[in-house]
Amino acid sequence: MPACGRCNKAGQASGCLYVDEATISTCAGVESRPPNAPISRPVHVTPAATTDDALARLQFRDGQSKHLEPQPSLVQAGTTHSLDAVRPSKPPLTPESAFGAGEHDAAPVVDRETMMLRGKSFKTQFHGTTHASSLIALIPELNLFTREAFGSFPALARIRQDMAALEKRTEYAGSRPRDTTGDELKAFLPPKAKTDQLLLLYLDHYGLVYHILHMPSFWKSYSEMWSDLTSASAHFVAIVLLITAAARCLADKQPWLYTANSSTHREKAIGCIQACDDWLQAQSQKKVTAADFQIRFLLLFAKYVCARKIKRTWTEAGNLLRFCMAAGLHRDPDHIRKPTSVLDRELRRRLWSAVVEFELQAAFDRGMLAAPWPLQADTPPPSNVLDEDISSEAKQLPRAEPASAFTSASYLVVASESLLLRHRLNTILNSIRQGPTFNEAKHFTEEIEAHLANIPKWIGNSAETPKALLALNLRQYLLELHIRQLRQGGTTTERSFSNMILIDNATLIIDTLGANTDGGSTALQLLCNHHLRAALAICHVATSPDIRAGSVLGQLIEQHTDRILQATINLLTAKLVSLGREQRQLWIALAAHGHWKAKRHPEQRATLMQEAVDRITRPYYRIMAMQEDASSSIGAPDTDKTKDATKRVIEYLPSFGGSGDGSGLMPVGADDVANNICIEDGLPVFDLEDVEAWTFDDFFGVDELQQDFGADYDSAVP
């Protein structure tokens, strides 16, 4: 056996485990040592080496000889280069690409991931798996339906051009950011009576969801503000302005007027939002109070419910969360060494809870991962206590109310119980490197159902919106979880289980939203997009080739699909009436409804397509006719306004006579316009400049999936 020089000099040659690497490399035909291989070095043993040492040496040699044997895969490939054998494998790009990825790393990977990457070069927008519209990739024939509609009805292109031209010559509120002083901020305050009305509207709806204020302190400062407005704190004025802005679109005022494709209520709200945003940029962050965090949250929240720069919601929510973490709101306030009042500690807990809830929902809606704050946070949830029982002089918090007792903080308290589960699910569902197995999906389903069962049965109208939102935020994960299961395949039993979960939860989501709206609240219409997600989920199930028409599951789908899609259209219609925005969501719902009907009645495809186009264009005509600067009767009674609006809508509508060029729409009479001027035909708006936003061409996976249906798109579009 060879031995190193050091062992020979020490008289320990028999115990040396020297490995002659040069000899090994020569025998193996390898030019150099493989990466990450251990460096050969002598191992010293004591002079009292026994037969065990010899045995160890023999075992070591045996292992080395096996290591040097050529690998069959390398022999078949015609190479003996060890670098190829030991090169670490790359992780799969997506769960789907881990199977059958091909022989060459450079080959493109084709996945069936549901996402949307729109635009070109660096002017792009990405939406991940849990983004509601990403479900379109699972309904490939829907793309054909919309493309055919766009090619057959030039009116769709015409209204886009008309609205784009109107936007260019219209100056929007907040279109010119500028420096705003505290005194200029006060000039945006509505009259006291109007402010009182909007404050109560906010507190009765949104204030019971994201409760970040201490109401006794708020009302005291509010009274002082109106008693001496000139000396009022600019921070408190900003809080009041943002509250009124968030509540403006909750008001039910008829008829609605518009500035371009934005309602006048929304424009007034955006004016306040932009003024507060401009003012906030000039404020120092050296000496912050609770008001600084409240303003930042209310600013983000008001932008969201007013559909102001909605594409920035996820990034701005992440920035707000990091702002809070930089101030330590993610850590238990009991860690603060300097004297901190009980009230401030509770407000820190409320603010942190509200921010992480909003950021998680923003990430889910965008199809992105939420910030990984759970690894570092230990702030306990807020206490279920009445604001009136907490004071700045209190030495300790009062005893918490039971979960069955509803308080202003109850939503945040109950939502915190499922927060970590939802955070984990969002990570799994939006990950491109892992996906839940069927057994894991069943386990998560059971956990979510347990949380749903534990939602308290609060009594009273004030508790309806928080209770509904708690259920909706859990059921949306059931939808995405089992949509993911259907995408991953599985046995017939597994797919049937997921289909039943989807049908059940889509129905419950729409019923919950409908009941909340019927109760007189429109808060959830502006606050969430669960209805569109439910509509696309049921459309995906209803148009799946796995569903047989005569089966029990097929009959169940037949019973619920039309009702769910129609209810979604009505809810999205009401959203447009309030905002004048979000048309793209309505077009998706209308196209899905028409596509589902056309699958059942192919002979009516042209008629169903015309109905969808009609319902998407009529609100545009109304918005064009109801421009505020075009109205000469702003101060007239509401009945006179309605008559004037009806007249202008009829004048703007295109003539109907079946011109044969596909531009005609279903006729609309004066009575139809008058009756439906505010509700029946409204819709939520989409990007006016991109045709792809209407035809869903940028949804990843649509082109690849179309071949499964044998559809030739070019032949379907003139």
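Biologist: Hi! How many aromatic pairs does the structure hold?

Modeller: Hello! This is a predicted model, and the structure holds 21 aromatic pairs. One of them is Y206 with F301, an edge-to-face pair with 4.9 Å from centre to centre and 80 degrees between the planes.

Biologist: Where in the chain do Y206 and F301 sit?

Modeller: Y206 is in the loop between helix 9 (192-204) and helix 10 (215-227), while F301 is in helix 13. The two are 95 residues apart, so this pair links distant parts of the chain.

Biologist: Are Y206 and F301 buried or exposed?

Modeller: Both Y206 and F301 are buried. Y210 and F358 also form an edge-to-face pair, with 6.1 Å between centres and 70 degrees between planes.

Biologist: Which parts does that pair, Y210 and F358, tie together?

Modeller: Y210 lies in the loop between helix 9 and helix 10 and F358 lies in helix 15, so the pair joins parts that are 148 residues apart in sequence. Y210 counts as buried at 6% relative accessibility, and F358 counts as buried at 6% as well.

Biologist: Nice. Which residues form one aromatic cluster?

Modeller: The cluster is made up of Y202, Y206, Y210, F297, F301, Y304, F358 and Y411. That takes in the residues of both pairs we just discussed, Y206 with F301 and Y210 with F358.

Biologist: Let's talk charges over rings. What sits over the ring of F323?

Modeller: The charged end of R296 does, 4.3 Å from the centre of the F323 ring. Another case is R600, whose charged end sits over the ring of W596 at 4.6 Å from its centre.

Biologist: On to salt bridges, then. How many does the count come to?

Modeller: The count comes to 19 salt bridges. Among them is E141 with K599, where the N to O distance is 3.1 Å. That pair links distant parts of the chain: E141 is in helix 6 (residues 140-152) and K599 in helix 24 (residues 583-600), 458 residues apart.

Biologist: How exposed is K599?

Modeller: K599 is partly exposed, with a relative accessible area of 40%.

Biologist: And what about K303, which residue does its side chain meet in a salt bridge?

Modeller: The side chain of K303 meets that of E316, at 3.7 Å from N to O. K303 is in helix 13 (residues 290-305) and E316 in helix 14 (residues 313-326), so this salt bridge ties together parts 13 residues apart in sequence. K303 counts as buried at 8% relative accessibility, whereas E316 counts as partly exposed at 22%.

Biologist: Which residue does R533 form a salt bridge with?

Modeller: R533 forms one with D365, and their closest N and O atoms are 3.6 Å apart. R533 lies in helix 22 (residues 530-542) and D365 in helix 15 (residues 342-366), so parts 168 residues apart in sequence are tied together. R533 and D365 are both buried.

Biologist: Which residues are linked in a network of salt bridges?

Modeller: E346, R349, R350 and D387 are linked that way.

Biologist: Switching to cysteines: how many disulfides does a search of the whole structure find?

Modeller: The search finds zero disulfides.

Biologist: Why is there no bond between C306 and C249?

Modeller: The closest cysteine sulfur to that of C306 is in C249, 4.4 Å away, which is too far for a bond. The cut-off is 2.5 Å between the sulfur atoms. C306 counts as buried at 0% relative accessibility, and C324 counts as buried at 1%.

Biologist: Last topic, helices. What does helix 20 reach from its first C-alpha to its last?

Modeller: Helix 20 (residues 492-518) has 27 residues and reaches 39 Å, close to the 39 Å expected at 1.5 Å a residue. Its buried residues include S498, N499, I501, L502 and I503.

Biologist: What do the buried residues of helix 20 pack against?

Modeller: They pack against helix 18 (438-453), helix 19 (464-488), helix 21 (523-527), helix 22 and helix 23 (552-579). Just after helix 20, G520 takes a positive phi of about 100 degrees.

Biologist: And helix 12, how many of its residues are buried?

Modeller: Helix 12 is mostly covered, with 16 of its 18 residues buried. For helix 12 (residues 264-281), the end C-alpha atoms are 26 Å apart, which agrees with the 26 Å its 18 residues should span at 1.5 Å a residue.

Definitions and conventions: Residues are numbered from 1 along each chain as its sequence is written. Side-chain values use heavy atoms; hydrogens and water are left out. A salt bridge is a side-chain nitrogen of Lys or Arg within 4 Å of a carboxyl oxygen of Asp or Glu. Helices (H or I, at least four residues) and strands (E, at least two) are DSSP runs, numbered from the N terminus. Buried means under 20% relative accessible area, exposed over 50%, partly exposed in between (1.4 Å probe, protein chains only). The expected span of a helix is 1.5 Å times one less than its number of residues. Rings of Phe, Tyr and Trp (its six-membered ring) pair if their centres lie within 6.5 Å; planes under 30 degrees apart count as stacked, over 60 as edge-to-face and the rest as tilted. A charge sits over a ring if NZ of Lys or CZ of Arg is within 6 Å of the ring centre and within 35 degrees of the ring normal. Contact means heavy atoms within 4.5 Å.
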